[in-house]
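Subject: Handing over the structure

Hello,

Here is the structure I promised to pass on to you. Please open it alongside this email, and my notes follow below.

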Amino acid sequence: MISTLYRIDYSQNFVIMQPMEYEPVIGLEIHAELNTSTKMFCGCKNDPLEHHPNVNICPVCMAHPGTLPVINRDAVEKVIRVGLALGGEISPYSQFDRKNYFYPDLPKGYQISQYKYPIVLGGSLRGVRITRVHLEEDTGRLQHIDGGPASGAGQPATLVDYNRVGVPLMELVSEPDIRTATDARAFAEELHEILRYVNASDADMEKGQMRIEANISIRPLGETTFGTKVEVKNINSFRAVEKAIMYELQRQEEALRQGEKIKQETRGWDDINQCTVSQRSKESAHDYRYLPEPDLPPLNLTSAGGFDIETMRNRLPELPMAKRERFSKQYGLPSKIISFLVSDKHLADYFEQASSELASWIGENKEAEFQKASAILANYMSSDLQSLLVAKDAQITDIRITPENFAELVKMIYTNEISSRAAKDVLARMFADGSDPSDIVQEDNLRQISNVSALDETVKKIIQENPKPVEDYKKGKTVALQMLIGKVMKETKGAANPEVVREVLTKLLGGVQ
Ligand SMILES: [Zn+2]
């Protein structure tokens with residue numbers, strides 16, 4: 001028998017017992033590797049694509065005795081940009097601390113991080129308050145091998161690659177303001193876009209450039225003190241953020257309903273079995289014995305210290321949220337397509353370049369026409385072009401089609417100069433060799449015949465040659481008209497505009513509709 005916790009409602013004149021309802025309390029901790037060219041405290045290359053182990057290392061990041069770290073200014077500026085984008089306060093005084101712990105992927109025996117004086121305090125994103133954003137260094141990577149014949153190692157072993165040691169890492173901590181798994185995912189996705197917009201991180205979750213941890217607890221609805229929180233790690237995709245939180249909320253609720261206590265611990269998300277698994281009991285800050293880093297000077301993040309925060313604020317690009325709003329007003333596109341375009345700044349820029357070509361072609365004060373042409377452009381970018389990019393594993397920045405040529409293609413579709421069928425082929429060729437759409441249409445004779453007089457002759461010929469369908473049509477069989485249109489299309493090798501053919505045919509056959 002399950003003993004269930006009940007809430008007694010005294011607000012009524014009688015006592016009613018109703019099952020206890022719980023409120024989720026979620027906070028996120030997000031790490032992102034900064035895309036600087038060199039590491040945090042030395043001149044080693046910061047190259048996440050390097051697959052040869054232990055080539056981007058030096059005595060500084062390997063913590064040889066007598067070496068001294070030097071702060072990478074670019075990394076500090078990237079964190080400041082993130083802070084400004086989130087509306088946070090840039091601390092005039094910031095300082096690095098040592099976080100002591102031993103692990104084989106950490107050659108120093110401590111991590112240089114920030115504890116008391118982070119670079120950014122406050123800010124918010126999607127209504128969630130940001131506690132802080134600080135700067136630290138990443139650890140190396142351990143690779144566990146089973147020792148089977150394929151590994152060549154003979155016996156089980158753990159290999160360590162120090163290329164990632166000392167790569168600049170940003171950590172953002174949110175307040176526990178999130179109440180649903182969906183909102184947690186939306187927060188992470190929005191941050192991902194911002195990190196890329198301000199060019200702080202490539203934030204590719206698959207490559208571990210962005211890592212999310214969720215602090216999750218539940219409490220009886222109406223309660224103000226927090227329940228015991230559980231930290232969930234190993235979340236490797238946006239989908240997993242949502243799934244891991246949903247699983248954990250349910251697990252905690254079931255435990256409480258059965259009268260159990262929640263243990264404060266770190267759990268890992270198991271993506272294969274779709275559950276969280278206990279990893280270890282949680283350390284607290286004092287276990288790390290934080291102390292000010294004696295080898296680094298404090299940061300003076302003011303103009304006196306060489307950091308012009310106001311100029312940096314003014315130079316921020318238009319951020320995703322503002323861009324989505326503007327796209328909605330300016331182009332009147334559906335929100336799903338806007339989200340797609342804005343998800344990548346380069347994609348949004350490309351769209352706007354091509355769209356401005358369309359604007360100058362259409363002329364001023366013709367908003368409806370402009371929005372219609374822009375919608376065609378957005379549709380071809382999100383469907384046909386996107387499929388071509390995915391198939392080639394390419395980015396918008398890799399393509400050989402200029403925005404001018406893409407706009408030219410859209411013009412031809414808009415004016416019915418080419419059919420939508422032909423447009424697909426033209427786009428595929430433009431994508432393959434970067435050629436001009438009008439050249440392709442010319443060479444392959446893809447221009448649609450929309451001119452009534454040009455089609456008159458052919459339609460008359462088809463009517464003469466097909467007395468039976470003509471008769472059927474006159475008797476009211478509308479299917480026969482479709483057949484005649486098909487014959488004209490065949491005769492013109494697909495170049496005729498089917499709508500114009502239909503018009504000419506019905507006119508010549510006496511207007512039976
Ligand atoms: Zn180094």
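How are the donor residues of the zinc ion spaced in sequence? The pattern is C-x1-C-x13-C-x2-C. One pair of these donors links distant parts of the chain: Cys42 and Cys58 are 16 residues apart, and both sit in the loop between strand S3 (22–33) and helix H1 (73–85). Please keep in mind that this is a predicted model.

The zinc site itself is easy to describe. Four sulfur donors coordinate the ion, namely the SG atoms of Cys42, Cys44, Cys58 and Cys61, at 2.3 to 2.4 Å. The angles among the four donor atoms run from 99 to 114 degrees, and the site is tetrahedral. Cys42 has a relative accessible area of 13%, so this residue counts as buried, the cut-off being under 20%.

Thr36 belongs to that loop between S3 and H1 as well. With a relative accessible area of 4%, Thr36 is buried. Leaving aside residues up to four places away in sequence, Thr36 touches Asn46, Asn72, Asp74, Ala75, Lys78 and Pro168.

Next, the pocket. The largest pocket holds about 1600 Å³ of space. Its lining is made up of 49 residues, and His31, Lys99, Glu213, Lys233 and Arg280 are the closest to its centre. Several strands each supply at least two residues of this lining, among them S3, strand S10 (128–137), strand S14 (210–220) and strand S17 (275–281).

Another spot to look at is Asp177, in the loop between S13 and H2. Asp177 is partly exposed, at a relative accessible area of 21%. Beyond residues up to four places away in sequence, Asp177 touches Ile26, Gly127, Val128 and Arg129. Val441 is 264 residues from Asp177 in sequence, and their C-alpha atoms are 56 Å apart in space.

Finally, helix H6 (residues 335–342). Its buried residues are Ile337, Ile338, Leu341 and Val342. These four lie on the same side of H6 because they cover an arc of only 125 degrees around the axis. They pack against helix H2 (181–197), helix H5 (320–331), helix H7 (345–362) and helix H8 (367–392). On the face of H6 turned away from this buried side are the exposed residues Ser335 and Lys336.

Best wishes

Note on methods: Residues are numbered from 1 along each chain as its sequence is written. This is a predicted model: local features need pLDDT of at least 70, side-chain atom pairs count only at pLDDT 80 or more; totals for chains, interfaces and linings use all residues. Side-chain values use heavy atoms; hydrogens and water are left out. Donors are N, O and S atoms within 2.8 Å of the metal (3.2 Å for Na, K and Ca); water is not among the atoms, so sites may look incomplete. Four donors count as tetrahedral if all angles lie between 85 and 135 degrees; four count as square planar and six as octahedral if opposite donors are over 155 degrees apart and all others between 65 and 115; anything else is irregular. Buried means under 20% relative accessible area, exposed over 50%, partly exposed in between (1.4 Å probe, protein chains only). Contact means heavy atoms within 4.5 Å. The arc is that of the directions from the helix axis to the C-beta atoms. On a 1 Å grid over the protein atoms alone, a cavity is a set of points where a 1.4 Å probe fits but cannot get out, and a pocket is an open set with protein on both sides within 12 Å along at least five of seven lines; lining residues have an atom within 4 Å of a point. Grid points are joined across faces, edges and corners, and a volume is the space filled by probe spheres set on the points.
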